[in-house]
Amino acid sequence: MEKYEVVKDLGAGSFGVTKLLKNKHTKELVVMKFIERGPKVDSNVGREIIDHRLLQHPTVVLGATHLGIAMEYAAGGELFDKICNYGRFHEDAV
Ligand SMILES: Nc1ncnc2c1ncn2[C@@H]1O[C@H](COP(=O)(O)OP(=O)(O)OP(=O)(O)O)[C@@H](O)[C@H]1O
């Protein structure tokens, strides 16, 4: 993890916090979801890892205190907002 610097916190979900990281050398952006090791790592987390594997093979990092799931950065904003705006656009068109 020393290769990366935190750009910003993206948000927090039921399991942990998600941060945007930048590789200090290549400048590549990556998203990492940090889940504290312990009881929170349950079958729901397992399902999330399987879901990510179906989309794109994730890098799962096991640290001393946290489980990390690395993802591609989706920079286009919130999917929820896009779906709501899509619905509004189609209502207006009718
Ligand atoms: N790959 C990503 N690229 C860009 N933003 C992301 C990415 N993954 C998560 N985020 C942002 O981080 C926030 C928190 O994500 P996280 O996966 O921790 O929780 P969630 O999916 O919103 O909630 P829950 O885990 O409770 O279903 C998201 O709402 C989203 O705004």
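In this predicted model, the shell around the ligand draws at least two residues from each of two strands, S1 and S3 (29-36). S1 provides the largest share of that shell, with 3 residues. The ligand is surrounded by 13 residues, of which Leu 10, Gly 11, Gly 13, Ser 14 and Ala 74 come nearest. When the shell is divided by residue class, 7 of its members are nonpolar, 4 are polar and 2 are charged.

Both of these strands belong to an open sheet of 5 strands, arranged in the order S1-S2-S3-S5-S4 with antiparallel pairing. S1 and S4 (59-62) form the edges of the sheet, each pairing on one side only, and neighbouring strands are turned against each other by 25 degrees on average, direction ignored. Strands of a sheet pair through backbone hydrogen bonds, in either a parallel or an antiparallel manner. Within this arrangement, S3 and S5 (residues 66-71) run antiparallel and are joined by 6 bridges, and Phe 34 stands opposite Gly 68 of S5.

As to confidence, the mean pLDDT of the protein is 83, with 88% of its residues reaching 70 or more. Among the elements of the protein, strand S1 (residues 4-12) has the highest mean pLDDT, at 95, whereas helix H2 (residues 79-93) has the lowest, at 72. Where pLDDT is low, the predicted coordinates should not be read in detail. For the complex, the predictor gives an ipTM of 0.89 and a pTM of 0.74.

Definitions and conventions. Residues numbered from 1 in each chain as written. Predicted model: local features only at pLDDT ≥ 70, side-chain atom pairs only at ≥ 80, totals over all residues. pLDDT = per-residue confidence, 0-100. Helix = DSSP H or I, 4+ residues; strand = E, 2+ residues; numbered from the N terminus. Near = placed C-beta within 6 Å. Nonpolar A, V, L, I, M, F, W, Y, C, P; charged D, E, K, R; others polar. Pairing = 2+ DSSP bridges. Axes fitted to C-alpha atoms, helices over the stretch in contact; angles between N-to-C directions.
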